[in-house]
Amino acid sequence: MAAMTTDTTGTAAPDDEPRPGGPADSPFVRACRRRPVPHTPVWFMRQAGRSLPEYREIRANVAMLESCRRPDLVTEITLQPVRRHGVDAAILFSDIVVPVAAAGVELDIVPGTGPVVAEPVRTAADVERIRPIGRDDVGYVDEAVRMLVSQLGDTPLIGFAGAPFTLASYLVEGGPSRTHVKTKALMYGEPELWHALAGRLAEVTLAFLRVQIEAGVSAVQLFDSWAGALSEADYRRFVLPHSTAVLSGLADAGVPRIHFGVGTGELLGAMGEAGADVVGVDWRTPLDVATGRIGPDRAVQGNLDPCLLFAPWPVVEAEVRRIVEQGRAAPGHVFNLGHGVLPETDPEVLTRVVALVHELSARPADQG
(Lines give C-alpha, C1' and ligand atoms only; values in the text may rest on other atoms or scores of the structure.)
Protein backbone atom coordinates (compact mmCIF):
# COMPACT_ATOMS: atom_id res chain seq x y z
CA MET A 1 0.00 0.00 0.00
CA ALA A 2 1.29 3.46 -0.87
CA ALA A 3 2.21 5.79 1.97
CA MET A 4 -0.49 8.30 2.79
CA THR A 5 -0.23 12.05 3.14
CA THR A 6 -2.79 14.75 3.74
CA ASP A 7 -3.20 17.34 1.04
CA THR A 8 -4.10 20.95 1.79
CA THR A 9 -7.80 20.24 1.53
CA GLY A 10 -7.50 17.76 4.38
CA THR A 11 -8.22 14.75 2.15
CA ALA A 12 -5.91 11.77 2.52
CA ALA A 13 -4.26 10.72 -0.74
CA PRO A 14 -1.56 8.23 -1.67
CA ASP A 15 1.85 9.84 -2.25
CA ASP A 16 1.97 8.50 -5.80
CA GLU A 17 -1.69 9.10 -6.62
CA PRO A 18 -2.68 12.69 -5.73
CA ARG A 19 -6.40 13.33 -5.46
CA PRO A 20 -7.66 14.78 -8.75
CA GLY A 21 -8.19 18.51 -8.43
CA GLY A 22 -7.30 20.71 -5.49
CA PRO A 23 -4.00 22.44 -4.69
CA ALA A 24 -2.18 19.16 -4.04
CA ASP A 25 -2.81 18.11 -7.65
CA SER A 26 -1.93 21.51 -9.14
CA PRO A 27 0.82 21.89 -11.76
CA PHE A 28 2.95 23.71 -9.18
CA VAL A 29 2.82 21.01 -6.52
CA ARG A 30 3.18 18.26 -9.14
CA ALA A 31 6.33 19.93 -10.51
CA CYS A 32 7.74 20.27 -6.99
CA ARG A 33 7.19 16.54 -6.53
CA ARG A 34 8.77 15.76 -9.93
CA ARG A 35 5.52 14.45 -11.39
CA PRO A 36 4.17 15.00 -14.93
CA VAL A 37 2.53 18.40 -15.42
CA PRO A 38 0.22 19.85 -18.12
CA HIS A 39 2.57 22.85 -18.36
CA THR A 40 5.53 24.33 -16.53
CA PRO A 41 4.09 26.22 -13.55
CA VAL A 42 5.00 29.86 -12.98
CA TRP A 43 5.12 32.15 -9.98
CA PHE A 44 7.35 35.11 -9.13
CA MET A 45 9.16 35.93 -5.94
CA ARG A 46 7.83 39.28 -4.67
CA GLN A 47 4.88 38.97 -7.06
CA ALA A 48 2.63 40.22 -4.26
CA GLY A 49 3.94 43.70 -3.91
CA ARG A 50 5.65 46.77 -5.14
CA SER A 51 5.29 46.43 -8.90
CA LEU A 52 1.48 46.47 -8.72
CA PRO A 53 -0.40 49.79 -8.59
CA GLU A 54 -3.20 48.12 -6.65
CA TYR A 55 -0.64 47.08 -4.04
CA ARG A 56 0.76 50.60 -3.70
CA GLU A 57 -2.77 51.92 -3.30
CA ILE A 58 -3.76 49.49 -0.55
CA ARG A 59 -0.45 49.95 1.26
CA ALA A 60 -0.62 53.75 1.25
CA ASN A 61 0.00 55.01 4.79
CA VAL A 62 0.25 51.49 6.22
CA ALA A 63 3.63 50.47 7.65
CA MET A 64 5.10 47.21 6.41
CA LEU A 65 4.99 45.32 9.70
CA GLU A 66 1.44 46.49 10.32
CA SER A 67 0.36 45.29 6.89
CA CYS A 68 1.88 41.87 7.62
CA ARG A 69 -0.17 41.66 10.83
CA ARG A 70 -3.54 42.49 9.24
CA PRO A 71 -5.14 39.36 7.78
CA ASP A 72 -7.46 41.40 5.55
CA LEU A 73 -4.54 43.22 3.92
CA VAL A 74 -2.41 40.07 3.70
CA THR A 75 -5.25 38.28 1.95
CA GLU A 76 -5.94 41.01 -0.58
CA ILE A 77 -2.27 41.64 -1.39
CA THR A 78 -1.58 37.92 -1.79
CA LEU A 79 -4.51 37.53 -4.19
CA GLN A 80 -3.67 40.52 -6.38
CA PRO A 81 -1.00 38.87 -8.60
CA VAL A 82 -3.10 35.70 -8.94
CA ARG A 83 -5.94 37.74 -10.38
CA ARG A 84 -3.75 39.89 -12.58
CA HIS A 85 -1.11 37.48 -13.90
CA GLY A 86 -2.74 34.06 -13.76
CA VAL A 87 0.26 32.59 -11.92
CA ASP A 88 0.15 28.96 -10.84
CA ALA A 89 0.73 29.68 -7.16
CA ALA A 90 0.21 32.44 -4.63
CA ILE A 91 2.84 33.29 -2.05
CA LEU A 92 1.85 34.60 1.35
CA PHE A 93 2.47 38.32 1.72
CA SER A 94 4.71 38.74 4.73
CA ASP A 95 8.34 39.47 5.61
CA ILE A 96 11.16 37.26 6.84
CA VAL A 97 11.52 39.26 10.07
CA VAL A 98 7.89 38.76 11.14
CA PRO A 99 8.65 35.67 13.29
CA VAL A 100 11.74 37.33 14.75
CA ALA A 101 9.66 40.28 15.88
CA ALA A 102 7.14 37.84 17.33
CA ALA A 103 10.03 36.22 19.22
CA GLY A 104 10.69 39.48 21.05
CA VAL A 105 13.32 41.20 18.92
CA GLU A 106 12.70 44.94 18.65
CA LEU A 107 12.92 45.93 15.01
CA ASP A 108 11.28 47.92 12.26
CA ILE A 109 11.13 47.68 8.48
CA VAL A 110 12.31 51.09 7.32
CA PRO A 111 11.20 52.17 3.82
CA GLY A 112 14.16 52.29 1.46
CA THR A 113 16.41 50.46 3.92
CA GLY A 114 14.82 47.24 5.12
CA PRO A 115 14.78 45.62 8.56
CA VAL A 116 16.58 47.64 11.23
CA VAL A 117 17.24 46.02 14.62
CA ALA A 118 17.19 48.26 17.68
CA GLU A 119 19.79 46.26 19.65
CA PRO A 120 21.95 43.99 17.47
CA VAL A 121 22.87 40.57 18.83
CA ARG A 122 26.33 40.53 20.39
CA THR A 123 26.23 38.24 23.44
CA ALA A 124 24.76 35.01 24.77
CA ALA A 125 22.30 37.09 26.77
CA ASP A 126 21.07 38.65 23.53
CA VAL A 127 20.45 35.18 22.12
CA GLU A 128 18.56 34.12 25.22
CA ARG A 129 16.15 37.03 24.76
CA ILE A 130 14.95 35.49 21.49
CA ARG A 131 12.07 33.45 22.83
CA PRO A 132 10.29 30.47 21.24
CA ILE A 133 7.10 31.20 19.32
CA GLY A 134 3.82 29.36 18.78
CA ARG A 135 0.61 29.92 16.89
CA ASP A 136 -0.69 32.46 19.39
CA ASP A 137 2.34 34.68 18.73
CA VAL A 138 1.54 34.83 15.01
CA GLY A 139 -2.20 34.29 15.06
CA TYR A 140 -2.63 36.89 12.33
CA VAL A 141 -0.60 34.69 9.98
CA ASP A 142 -2.70 31.64 10.84
CA GLU A 143 -5.86 33.65 10.18
CA ALA A 144 -4.59 35.07 6.89
CA VAL A 145 -3.56 31.65 5.56
CA ARG A 146 -6.95 30.17 6.39
CA MET A 147 -8.71 33.07 4.68
CA LEU A 148 -6.54 32.68 1.60
CA VAL A 149 -6.95 28.92 1.31
CA SER A 150 -10.72 29.38 1.36
CA GLN A 151 -10.53 31.90 -1.50
CA LEU A 152 -7.79 30.41 -3.69
CA GLY A 153 -9.63 27.22 -4.57
CA ASP A 154 -7.34 24.96 -6.60
CA THR A 155 -4.50 27.51 -6.64
CA PRO A 156 -1.83 26.51 -4.12
CA LEU A 157 -0.54 28.92 -1.49
CA ILE A 158 3.17 29.02 -0.68
CA GLY A 159 4.24 29.85 2.85
CA PHE A 160 7.73 31.08 3.60
CA ALA A 161 10.32 32.05 6.16
CA GLY A 162 13.86 33.38 6.30
CA ALA A 163 16.65 30.86 6.82
CA PRO A 164 18.69 30.99 10.04
CA PHE A 165 21.81 32.46 8.39
CA THR A 166 19.99 35.35 6.72
CA LEU A 167 18.00 36.13 9.85
CA ALA A 168 21.13 35.96 11.97
CA SER A 169 22.89 38.33 9.58
CA TYR A 170 20.17 40.94 10.04
CA LEU A 171 20.28 40.54 13.83
CA VAL A 172 24.05 40.72 14.10
CA GLU A 173 24.58 43.52 11.58
CA GLY A 174 21.59 45.49 12.86
CA GLY A 175 20.21 45.74 9.32
CA PRO A 176 21.11 44.96 5.70
CA SER A 177 24.81 44.61 4.89
CA ARG A 178 26.84 44.26 1.72
CA THR A 179 29.85 42.66 3.39
CA HIS A 180 28.35 40.80 6.39
CA VAL A 181 31.56 41.63 8.19
CA LYS A 182 30.08 41.54 11.70
CA THR A 183 28.27 38.31 10.95
CA LYS A 184 31.42 36.62 9.69
CA ALA A 185 33.47 37.99 12.58
CA LEU A 186 31.01 36.36 15.00
CA MET A 187 31.00 33.09 13.07
CA TYR A 188 34.77 32.81 12.94
CA GLY A 189 35.58 34.37 16.29
CA GLU A 190 32.82 32.97 18.51
CA PRO A 191 31.53 29.82 16.83
CA GLU A 192 29.72 28.58 19.93
CA LEU A 193 27.76 31.82 20.17
CA TRP A 194 27.07 31.69 16.44
CA HIS A 195 25.65 28.17 16.62
CA ALA A 196 23.55 29.12 19.64
CA LEU A 197 22.08 32.05 17.69
CA ALA A 198 21.52 30.09 14.48
CA GLY A 199 20.05 27.20 16.44
CA ARG A 200 17.60 29.45 18.24
CA LEU A 201 16.55 31.04 14.93
CA ALA A 202 16.10 27.60 13.38
CA GLU A 203 13.63 26.77 16.16
CA VAL A 204 11.71 30.01 15.56
CA THR A 205 11.67 29.46 11.81
CA LEU A 206 10.51 25.86 12.08
CA ALA A 207 7.67 26.88 14.40
CA PHE A 208 6.65 29.71 12.05
CA LEU A 209 6.51 27.40 9.04
CA ARG A 210 4.54 24.79 10.96
CA VAL A 211 1.91 27.41 11.80
CA GLN A 212 1.54 28.12 8.10
CA ILE A 213 1.39 24.44 7.16
CA GLU A 214 -1.20 23.65 9.79
CA ALA A 215 -3.29 26.57 8.52
CA GLY A 216 -3.25 25.12 4.99
CA VAL A 217 -0.34 26.25 2.79
CA SER A 218 0.50 23.80 0.00
CA ALA A 219 4.28 24.34 0.02
CA VAL A 220 6.91 26.36 1.87
CA GLN A 221 10.01 28.23 0.77
CA LEU A 222 13.03 28.88 2.95
CA PHE A 223 14.80 32.06 1.82
CA ASP A 224 18.54 32.22 2.50
CA SER A 225 19.04 35.50 0.69
CA TRP A 226 22.58 36.16 1.93
CA ALA A 227 24.07 32.65 1.91
CA GLY A 228 25.94 33.46 -1.30
CA ALA A 229 28.35 35.52 0.79
CA LEU A 230 29.89 32.27 2.07
CA SER A 231 32.28 29.67 0.72
CA GLU A 232 31.00 26.11 0.50
CA ALA A 233 33.22 25.08 3.42
CA ASP A 234 31.87 27.86 5.63
CA TYR A 235 28.32 27.12 4.49
CA ARG A 236 28.67 23.49 5.46
CA ARG A 237 30.19 24.34 8.84
CA PHE A 238 28.12 27.31 9.95
CA VAL A 239 24.84 27.17 8.02
CA LEU A 240 23.94 23.74 6.71
CA PRO A 241 23.21 22.16 10.12
CA HIS A 242 20.68 24.87 10.95
CA SER A 243 18.94 24.96 7.56
CA THR A 244 18.77 21.18 7.79
CA ALA A 245 17.11 21.46 11.19
CA VAL A 246 14.35 23.53 9.59
CA LEU A 247 13.82 21.63 6.35
CA SER A 248 14.28 18.14 7.78
CA GLY A 249 12.05 19.18 10.66
CA LEU A 250 9.25 19.49 8.09
CA ALA A 251 9.84 16.10 6.50
CA ASP A 252 6.60 14.79 7.99
CA ALA A 253 4.53 17.84 7.04
CA GLY A 254 3.35 16.50 3.69
CA VAL A 255 4.14 19.63 1.64
CA PRO A 256 7.02 20.37 -0.78
CA ARG A 257 9.94 22.34 0.64
CA ILE A 258 11.79 24.89 -1.52
CA HIS A 259 15.22 26.26 -0.62
CA PHE A 260 16.46 29.45 -2.28
CA GLY A 261 19.48 31.72 -2.02
CA VAL A 262 21.14 34.46 -4.08
CA GLY A 263 24.63 34.03 -5.50
CA THR A 264 24.62 30.40 -4.41
CA GLY A 265 25.79 28.68 -7.61
CA GLU A 266 28.68 27.03 -5.75
CA LEU A 267 26.39 26.03 -2.89
CA LEU A 268 23.56 24.39 -4.83
CA GLY A 269 24.54 20.83 -4.00
CA ALA A 270 24.93 21.59 -0.31
CA MET A 271 21.66 23.51 -0.22
CA GLY A 272 19.88 20.53 -1.70
CA GLU A 273 21.36 18.34 1.01
CA ALA A 274 19.59 20.45 3.64
CA GLY A 275 16.35 18.61 2.94
CA ALA A 276 14.63 20.56 0.17
CA ASP A 277 12.41 18.99 -2.49
CA VAL A 278 13.09 21.96 -4.78
CA VAL A 279 16.20 24.13 -5.01
CA GLY A 280 15.81 27.69 -6.27
CA VAL A 281 18.46 28.92 -8.69
CA ASP A 282 19.32 32.56 -9.31
CA TRP A 283 20.08 33.88 -12.80
CA ARG A 284 23.84 33.35 -12.61
CA THR A 285 23.72 29.57 -13.14
CA PRO A 286 21.97 27.96 -16.15
CA LEU A 287 19.28 25.54 -15.06
CA ASP A 288 20.81 22.56 -16.85
CA VAL A 289 24.13 23.21 -15.09
CA ALA A 290 22.34 23.70 -11.77
CA THR A 291 20.49 20.43 -12.23
CA GLY A 292 23.81 18.62 -12.58
CA ARG A 293 25.00 20.11 -9.30
CA ILE A 294 21.78 19.52 -7.40
CA GLY A 295 21.18 15.96 -8.62
CA PRO A 296 18.21 14.00 -9.93
CA ASP A 297 16.30 13.77 -6.67
CA ARG A 298 15.20 17.41 -6.54
CA ALA A 299 13.26 19.76 -8.76
CA VAL A 300 14.60 23.21 -9.64
CA GLN A 301 13.03 26.65 -9.57
CA GLY A 302 14.06 29.69 -11.60
CA ASN A 303 15.66 31.57 -13.10
CA LEU A 304 15.03 34.64 -15.28
CA ASP A 305 17.12 37.70 -14.33
CA PRO A 306 14.63 40.25 -12.92
CA CYS A 307 16.42 42.98 -14.90
CA LEU A 308 15.64 41.17 -18.18
CA LEU A 309 12.02 42.21 -17.72
CA PHE A 310 13.06 45.78 -18.62
CA ALA A 311 14.42 44.74 -22.03
CA PRO A 312 12.38 44.82 -25.26
CA TRP A 313 9.87 41.98 -25.49
CA PRO A 314 11.78 39.97 -28.13
CA VAL A 315 14.74 39.81 -25.71
CA VAL A 316 12.48 38.72 -22.85
CA GLU A 317 10.83 36.11 -25.05
CA ALA A 318 14.17 34.65 -26.13
CA GLU A 319 15.35 34.35 -22.53
CA VAL A 320 12.09 32.75 -21.42
CA ARG A 321 12.42 30.22 -24.23
CA ARG A 322 15.98 29.43 -23.18
CA ILE A 323 15.04 28.88 -19.55
CA VAL A 324 12.03 26.71 -20.37
CA GLU A 325 14.23 24.57 -22.61
CA GLN A 326 17.02 24.29 -20.02
CA GLY A 327 14.44 23.41 -17.39
CA ARG A 328 13.59 20.28 -19.34
CA ALA A 329 16.86 18.79 -18.07
CA ALA A 330 15.50 18.82 -14.53
CA PRO A 331 13.20 16.16 -13.07
CA GLY A 332 10.80 19.01 -12.22
CA HIS A 333 10.86 22.71 -13.08
CA VAL A 334 9.00 25.66 -11.59
CA PHE A 335 9.55 28.81 -13.66
CA ASN A 336 10.42 31.86 -11.60
CA LEU A 337 12.77 34.81 -11.55
CA GLY A 338 16.28 34.46 -10.21
CA HIS A 339 15.30 36.84 -7.41
CA GLY A 340 12.34 39.09 -6.61
CA VAL A 341 10.27 41.30 -8.89
CA LEU A 342 11.78 44.80 -8.93
CA PRO A 343 9.44 47.65 -7.96
CA GLU A 344 9.70 49.40 -11.35
CA THR A 345 8.72 46.29 -13.33
CA ASP A 346 5.84 46.67 -15.79
CA PRO A 347 3.14 44.25 -14.57
CA GLU A 348 2.02 43.63 -18.15
CA VAL A 349 5.39 42.05 -18.91
CA LEU A 350 4.93 39.60 -16.04
CA THR A 351 1.50 38.67 -17.36
CA ARG A 352 2.97 38.04 -20.81
CA VAL A 353 5.75 35.89 -19.34
CA VAL A 354 3.21 33.67 -17.58
CA ALA A 355 1.23 33.19 -20.79
CA LEU A 356 4.39 32.49 -22.80
CA VAL A 357 5.71 29.86 -20.37
CA HIS A 358 2.35 28.12 -20.39
CA GLU A 359 2.27 28.18 -24.18
CA LEU A 360 5.83 26.94 -24.66
CA SER A 361 5.54 24.14 -22.14
CA ALA A 362 2.01 22.88 -22.84
CA ARG A 363 1.88 19.09 -23.03
CA PRO A 364 -0.82 16.89 -24.57
CA ALA A 365 -3.47 15.88 -22.05
CA ASP A 366 -2.30 12.27 -22.05
CA GLN A 367 1.21 13.39 -21.09
CA GLY A 368 0.25 15.83 -18.35
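Is glutamate 76 buried, partly exposed or exposed in this structure? In this predicted model, glutamate 76 counts as partly exposed, because its relative accessibility is 25% and the buried class ends under 20%. You will find glutamate 76 in helix 4, which spans residues 71-85. Setting aside neighbours within four places in sequence, glutamate 76 is in contact with Ile58 and Arg83. If you follow the chain 20 residues along from glutamate 76, you arrive at isoleucine 96, and the C-alpha atoms of this pair are separated by 19 Å.

Let us turn next to the loop between helix 1 (27-32) and helix 2 (53-59), where arginine 34 lies. Arginine 34 is not a glycine, yet its phi is positive, at about 65 degrees. Arginine 46 is found in the loop between helix 1 and helix 2 as well, and its phi, near 60 degrees, is again a positive value in a residue other than glycine. These values are worth a pause, because most residues other than glycine have a negative phi. As for accessibility, arginine 34 is partly exposed, with a relative accessible area of 36%, and arginine 46 also counts as partly exposed, at 45%.

A database record takes us onward from here. An unreviewed UniProt entry carries the annotation "domain: Uroporphyrinogen decarboxylase (URO-D)", which covers residues 41-50 and 158-174. Over residues 41-50 the model has 0% helix and 0% strand, and the C-alpha atoms at the ends are 22 Å apart. Over residues 158-174, by contrast, the chain is 59% helix and 29% strand, with 28 Å between the end C-alpha atoms.

Further along the chain, have a look at threonine 291, which lies in helix 13 (residues 287-294). Threonine 291 has a relative accessible area of 10%, so it is buried, the cut-off being under 20%. The side chain of threonine 291 reaches back to the backbone oxygen of leucine 287, at 2.8 Å. Not counting residues up to four places away in sequence, threonine 291 touches Val300, Ala329, Ala330 and Pro331.

Our last stop is a peptide bond. Glycine 302 and asparagine 303 are joined by a cis peptide bond, with omega about -5 degrees. Asparagine 303 belongs to strand 10, made up of residues 299-304. This bond deserves a second look in the viewer, because most peptide bonds are trans.

How values were computed:
Residues numbered from 1 in each chain as written. Predicted model: local features only at pLDDT ≥ 70, side-chain atom pairs only at ≥ 80, totals over all residues. Heavy atoms only, no water. Helix = DSSP H or I, 4+ residues; strand = E, 2+ residues; numbered from the N terminus. Buried < 20%, exposed > 50% of the residue type's maximum accessible area, 1.4 Å probe, protein only. UniProt positions renumbered as here; feature names shortened; annotations may be inferred. Polar contact = N/O pair within 3.5 Å; in protein donor to acceptor, adjacent residues only side chain to side chain. Contact = heavy atoms within 4.5 Å.
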